[in-house]
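These are my notebook entries on one structure. I set down what I looked up, entry by entry.

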Amino acid sequence: MSSDVAASKQPTSTDPGLRRGVMGSAELFAQAIASIAPSAVIAFTAASIFLSAGNSTWFSFVLATIVILAVGYLISQFAKRRASAGSLYNYAAVGLGPFGAYLTGVTLLIGCFGIASGSLSGATTYMITVLNQLGLPISGTLASVVVTIVLGSLAILFTIRGIRLSARVSLVLELVSVAIILIVLVLAIVHLGPAAIDPAQLSLEGFEFSGVAFGMTLGILGFVGFSSADSLGREAKNPYRAIPRAIMFSALLVGVLYVFAAYTQVALLGDDLATSASPLDDMATMVGLPVWFNPILNFGVAASFFAVVVAPLNVIGRIVYVMGKEGVAPAYLGQTHPTQLTPHRVLLTIGPAVIALTSILYIMGVNGMDIVVWVDTFGTYGYMVAYATVAIAAVLFLRRIGVKNWLVLPTAILAVGAMLYVFYTNVYPVPAYPFNLIFWLFAGVLAVAIAWYLFLKARRPQVINAIGSTETDVLEGISG
C-alpha cells in the first residue's frame, strides 16, 4: 500500500485528517443502505411504477436491480484497488483524467445534495404525519419549516460527531423501518393465503416493453446513492474487501426487498395501488393491524428518509474535503475537526444549504412530497452522469493497468446504456412543469461548475494536475 505522490504535495501539516480504520463491515453496509433508503422507496415508488408497468411492476424492479449490480461491479473494480475519501471523484481520475474526475465529482455532489434536501422534506412530511396521528395537531408552513430545521440540524450534528455515530444511527433507523414494513408485507402474504400466488403477475399479464422499461427507470432511481460506502475508504477497516462487498450486497439485498414489496403490494391492493395516497397504510388496514400501528409504520418511513439525509451528507463532506485539499474548492474546507476528525467545515457549509433549500420551498407553498420528487429528480440527474462516467472510467482504467476481465466491457455497456436511457426518458418527451425546468436547472449548475474548471485550468494548472489524487491509498497486484 502506498500514498500517491501528489498527496504529499498538499499543505496538510495542520490538518489532523480523517480517522483511520474505524468503520467495520456493518457500518459500511449501513452507509450504503441508508443512502438507498429502501423503506422510503417502498412507501411510494411501487405505486408510481404500477401506473406504467401494471402486473410487471416487480419485473421492472428485477431489471433495475440487474443494472445497478452492473454499475456496482464496475465501481467495485476501483474499490478493491483504491481506498479513497473522494468516492467516484478519485476513481474517475485514473480512468478519465482530471476533467473526467471533476465532472464525476461535481455531478455526484449535485446528486447527494439533491437527495439529501429532497429526503429531508420526506422526513419532515412523515414526521408531521406521525405527530398528528399521536394527537399533536400541527400543520402549516411554519410547522414544516421548524421540523425541517430540527431534523436537518440533527443530521448535521450526527455527521460532525463522527462517522461511526452517523453510520450506526442510520443503521438502527433503517433496520427499524425495514422491520416495520416487513411486518406489513409478511402479514399481507398471510392474509392473501392461496391468492398470494398471483398468476397475473407471475405471467406478466399485460406486459408492454415500454411500460416495463419506464418502470425500470423509476426502479433505478430507487437505488441512487447505493455506492456511498466508497467515500469511506480512508476510514474503513480492510477497505479493499469491505467496501466492494458493502456496495454489491446492499444493492442485491435491497433489490430482492423491492421485488418482494412490489409483488406483495400489487397482489394485495390490485388496481387500487395506482390511486392509493398511502399504500402501506392501506395495506396495514386491510390485513387487520390496529390503528395504533399506523404511527409506527409512518415513523419507520420518516426514519428511512432521515437516514438518507445523513448518508449523502457524509459523502458530500468527504468529496468536498478532498477538493479543498487539492485547491478545487476553498482550502478552508480541506480541514477536519481537531478531535472528531470529520470534515466539519464542509458539513457546516453544505448542511445549512440543504436545510435552506427545503425550507424555502415550503415557504413558497410547495407540498412536502412534491419537494421530494422535484429535488430528488434534480439530484438524480447528477447521479446518472456520475455513474455513466465512472463506468467508462472503469473500462479505461483496467485496460491501462493491463487487467483482462471479460465482464467489464459488457457491464459497462449495460450500465452506460441504462443511464442514458434513464436520462432520455426524463427529458423527452418534454415533461410538464416544473420537471421541464429541472433539467435546465441541472444543466445551468453544471455549466457554472465547468466554467470554474476552465478558470482553474487557465489560472491554476497545478490544481488541475492534482485533481483526484489526494487522500487515496493504492493496493498493488490485483489482477481481476
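**Entry 1. A short contact.** I began with a polar contact, that is, a pair of N or O atoms within 3.5 Å, where within protein one must be able to donate a hydrogen and the other to accept it, and residues adjacent in sequence count only if both atoms are side-chain atoms. A polar side-chain atom of Thr57 lies 2.6 Å from the backbone oxygen of Gly54. Thr57 belongs to helix α4 (residues 57-79); I take helices as DSSP runs of H or I with at least four residues, and strands as runs of E with at least two, numbered from the N terminus. Thr57 has 0% relative accessibility and counts as buried. Buried means under 20% relative accessible area, exposed over 50%, and partly exposed in between, with a 1.4 Å probe and protein chains only.

**Entry 2. Basis of the values.** I note that this is a predicted model, in which local features need pLDDT of at least 70 and side-chain atom pairs count only at pLDDT 80 or more, while totals for chains, interfaces and linings use all residues. Residues are numbered from 1 along each chain as its sequence is written, and side-chain values use heavy atoms, with hydrogens and water left out.

**Entry 3. Helix α5.** How far does helix α5 span between its end C-alpha atoms? I found that α5 (residues 88-133) spans only 42 Å, whereas a straight helix of 46 residues would span 68 Å at 1.5 Å a residue. The expected span is 1.5 Å times one less than the number of residues. I then looked for a bend, defined as the angle between axes fitted to the seven residues ending at a residue and the seven starting there. α5 bends by about 145 degrees at Leu96, and Pro98 follows within four residues. Of the 46 residues of α5, 38 are buried. Gly135, which follows α5, has a positive phi near 95 degrees.

**Entry 4. Helix α12.** I set α12 (293-326) beside its expected span. Its 34 residues should span 50 Å at 1.5 Å a residue, and its end C-alpha atoms are 51 Å apart, which agrees. α12 is largely enclosed by the rest of the structure, because 32 of its 34 residues are buried. Just after α12, Gly327 has a positive phi of about 95 degrees.

**Entry 5. Pockets.** I searched on a 1 Å grid over the protein atoms alone: a cavity is a set of points where a 1.4 Å probe fits but cannot get out, a pocket is an open set with protein on both sides within 12 Å along at least five of seven lines, and lining residues have an atom within 4 Å of a point. Grid points are joined across faces, edges and corners, and a volume is the space filled by probe spheres set on the points.

The largest pocket has a volume of about 770 Å³. Of its 32 lining residues, Phe44, Leu218, Leu221, Val373 and Thr377 lie nearest its centre. Which helix gives the largest share of this lining? It is α3, with 7 residues. The lining has 20 nonpolar, 11 polar and 1 charged residues; Ala, Val, Leu, Ile, Met, Phe, Trp, Tyr, Cys and Pro count as nonpolar, Asp, Glu, Lys and Arg as charged, and the others, Gly among them, as polar.

The second largest pocket holds about 500 Å³ of space. Its lining has 19 residues, with Val106, Leu109, Ile110, Val320 and Ile350 nearest the centre. α5, α12, α13 (344-363) and α16 each give two or more residues to this lining, and α5 gives the most, with 5. By class, 18 of these residues are nonpolar, 1 is polar and none is charged.

**Entry 6. Cavities.** I found 4 cavities of 30 Å³ or more in the whole structure. The largest cavity has a volume of about 70 Å³. Among its 13 lining residues, Cys112, Gly225, Ser228, Val315 and Tyr383 are the closest to its centre. α5 and α12 each supply at least two residues of this lining.

**Entry 7. Loops and backbone.** Two peptide bonds drew my attention. The bond from Tyr428 to Pro429 is cis, with omega near -5 degrees, and the bond from Tyr433 to Pro434 is cis, with omega near 5 degrees. Pro429 lies in the loop between α15 (408-427) and α16 (435-459), as does Pro434. I also noted Asn238, which is not a glycine yet has a positive phi of about 45 degrees.
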